[in-house]
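Here's a quick walk through this one, written for someone who would rather look at the geometry than read a brochure. Have the viewer open and follow along.

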Amino acid sequence: MWRPGTVVVLHDETATARTITLEVPDWPGHVAGQHVDVRLTAPDGYSAVRSYSIASAPNTEGRVELTVERLANGEVSPYLTQEVAIGDRLELRGPIGGWFVWRTQQTEPIQLIAGGSGIVPLMAMIRSRVAAASIAPFRLLYSVREPGAVLYRDELEALSNHGQPVNLTYTYTRAVPKDWPRPPGRIDAALIATSTWPSNLVPTCYVCGPTAFVENAAGLLSDYGNSADKIRTERFGPTGDRK
Amino acid sequence: MDIVSRGFSGRRSAADVKLPPGQYLTTDFPVLSAGPTPHVPLDQWEFTIEDGTGVLRRWNWKSFRDLPAETFRADLHCVTRWSKLGTSWEGVSLDTLLADLKTDASHALAHSYGDYTTNLPLSDLMKKQAWVAFRFDGKDLAPEHGGPARLLVPHLYLWKSAKWVRGITLMHQDKPGFWESLGYHNYGDPWREQRYSGE
């Protein structure tokens, strides 16, 4: 079932990523981590559909926020990040997915690991935790290409200040901020050991990012003693358009 | 009631490419898995056929690879909407693995290293429709794509083609697998666009 949603807010997160807030009158609600299908239709009836993770916490206002990263050769993401205007209507189906989700009843430690725009469904989990006033302890290890690529920077900073709910570690693959202690590079075993929950606390781990990123990070979590059934992954490939 | 997207023209596939509804063509091979990639050493690998009470047949890697294998081409359709056409595989047909097995089971549950499961009617595994595949594009199947061996049932959405497959259980009653319990369609025919449960 396709539902029309009206674009009510547009916000550029970075040079290539934009958050689109939609009002969907009969939205059935969602769980943090789920995604939606978005359908675009050309005047001659041709349509294209891609999946996007929901960035917003579950809410009662029928609002759904999607953060879309523009892919150079994408068919749908350039339209969503450059063409769409406030007042436009998009068609949505969902929410979809019952595995890569965090439910507010979960009280165990939560380890989030994001690569690039893989932060989007994890941000929904963080926002959901805040909105529900959950006491589940959250850690986020967030890998980006360079400092300018961080999504939700101000909000993450506010949520990770002393006494705030999220313990946040950034890591950079190409360029680091001035005086950053760690050289640019992939996540490695040492970073997992210093920035993620000890495995004897039995955290549930959520890893989202490009395929190679997820393969690496999930493998390291497993090597660190986390059992495979506590590691949930969501991958997007170069053509996947999926966040 | 489609809403026309102002200013959207889209990128159509070539007219002679026939794709299932809602799919788009890709030339690379994206990966979708629910958890970490299991790495299964060949000397520990096995494939079994069970009936819920016991093991009916069992192969280790050597005895499995001694079975007659075939090369075949397949079009792949992932529920996340990419399709990849004309891919080249080598594997052992389920017709070979199930040959002469007397069973009145109606369904099968494929199970994998890493505990993934997926269910299918047993008839969908027979008559040259399904393989346990171990080579892709002339090379040993990479772990992220399901190596050492994966089920391949190309006429259904790709989540039915269980990666890292370690056996099938024959059943007299259908039982949903992993994604089938989490909102995805029980059967998953791409040509009927059976993506999600309730469709």
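## Two domains and what sits between them

The centres of domain 1 of chain A and domain 2 of chain A, taken over C-alpha atoms, are 24 Å apart. Keep in mind that this is a predicted model. The assignment puts domain 1 at 3-96 and domain 2 at 110-236 of chain A. Where they touch, 13 residues of domain 1 of chain A are in contact with 13 residues of domain 2 of chain A. The side that domain 1 of chain A offers to domain 2 of chain A consists of six nonpolar, five polar and two charged residues.

Now for the inside. The largest nonpolar core counts 61 residues, and the ones with the most contacts inside it are Leu112(A), Leu122(A), Tyr206(A), Val207(A) and Ala217(A). Helix 2 of chain A, residues 119-131, gives the largest share of this core, with seven residues. Where does this core lie relative to domain 1 and domain 2 of chain A? It lies between them, because both domains give residues to it. That kind of clustering is no oddity: in soluble globular proteins, nonpolar side chains tend to be buried together.

Val207(A) is a handy residue to click on. Beyond its neighbours within four places in sequence, Val207(A) is in contact with Ile113(A), Val214(A), Ala217(A), Ala218(A), Ile231(A) and Thr233(A). There is also a second, separate core of 39 residues, with Leu97(B), Leu109(B), Leu156(B) and Trp164(B) among its members.

## Strands of chain A

Strand 10 of chain A, residues 204-210, has five of its seven residues buried, so the rest of the structure largely encloses it. Strand 2 of chain A, residues 17-23, is mostly covered too, again with five of seven residues buried. Here is how these two strands pair up:

| Strands of chain A | Sense | Bridges |
|---|---|---|
| Strand 7 (residues 110-115) and strand 10 | parallel | five bridges |
| Strand 10 and strand 11 | parallel | six bridges |
| Strand 1 (residues 3-12) and strand 2 | antiparallel | six bridges |
| Strand 2 and strand 5 (residues 63-69) | antiparallel | seven bridges |

To get the register right, start with strand 10 of chain A, where Tyr206(A) stands opposite Leu112(A). Pro210(A), in turn, stands opposite Phe236(A) in strand 11 of chain A. Strand 1 and strand 2 of chain A make a hairpin with four residues between them, and Asp12(A) stands opposite Arg18(A) in strand 2 of chain A. On the pairing with strand 5 of chain A, Glu23(A) stands opposite Arg63(A).

## Chain B and the contact

Chain B has two helices and eleven strands, and along the sequence the pattern reads β-β-β-α-β-β-α-β-β-β-β-β-β. Its C-alpha atoms fill a box of roughly 60 × 35 × 30 Å along the principal axes. The radius of gyration of chain B is 17 Å, which agrees with the value near 16 Å for a compact globule of 199 residues. Buried residues make up 37% of the 199 residues in chain B. Of the contacts in chain B with a separation of 6 or more, 62% are between residues 24 or more positions apart.

How many residues does each chain bring to the contact? Chain A brings 37 residues and chain B brings 32 residues. On the chain A side, the elements that each supply at least two residues include strand 3 (35-41), strand 4 (47-53), helix 1 (77-83) and helix 5 (211-223). By class, that side of chain A has 14 nonpolar, twelve polar and eleven charged residues.

## Backbone spots to check

Most residues other than glycine have a negative phi, and most peptide bonds are trans. A few places here go the other way. Gly94(A) and Pro95(A) are joined by a cis peptide bond with omega about 5°, and Pro95(A) lies in strand 6 of chain A. In chain B, the bond from Gly147(B) to Pro148(B) is cis as well, with omega near 10°; Pro148(B) is found in the loop between strand 9 (139-140) and strand 10 (150-152) of chain B.

As for phi, Tyr152(A) is not a glycine but has a positive value of about 60°. Tyr152(A) lies in the loop between strand 8 (138-144) and helix 3 (153-160) of chain A. Is Tyr152(A) buried or exposed? It counts as buried, because it has 21 C-beta neighbours inside 10 Å and the cut-off is 20 or more. Glu193(B) also has a positive phi, near 50°, and sits in the segment after strand 11 (165-171) of chain B. With 17 other C-beta atoms within 10 Å, Glu193(B) is partly exposed.

How values were computed
Residues are numbered from 1 along each chain as its sequence is written. Chains are lettered from A and ligands numbered from 1 in the order in which they are written. This is a predicted model: local features need pLDDT of at least 70, side-chain atom pairs count only at pLDDT 80 or more; totals for chains, interfaces and linings use all residues. Two residues are in contact if their C-beta atoms, placed from the backbone, lie within 7 Å. Ala, Val, Leu, Ile, Met, Phe, Trp, Tyr, Cys and Pro count as nonpolar, Asp, Glu, Lys and Arg as charged, and the others, Gly among them, as polar. A nonpolar core is a set of buried Ala, Val, Leu, Ile, Met, Phe, Trp, Tyr and Cys residues joined through C-beta atoms within 7 Å. A residue is buried if 20 or more other C-beta atoms lie within 10 Å of its own, exposed if 12 or fewer, and partly exposed in between; C-beta atoms are placed from the backbone. Domain bounds come from an automatic or database domain assignment. The radius of gyration is taken over C-alpha atoms; the globule rule is 2.2 Å times the number of residues to the power 0.38. Two strands pair if DSSP finds at least two bridges between them.
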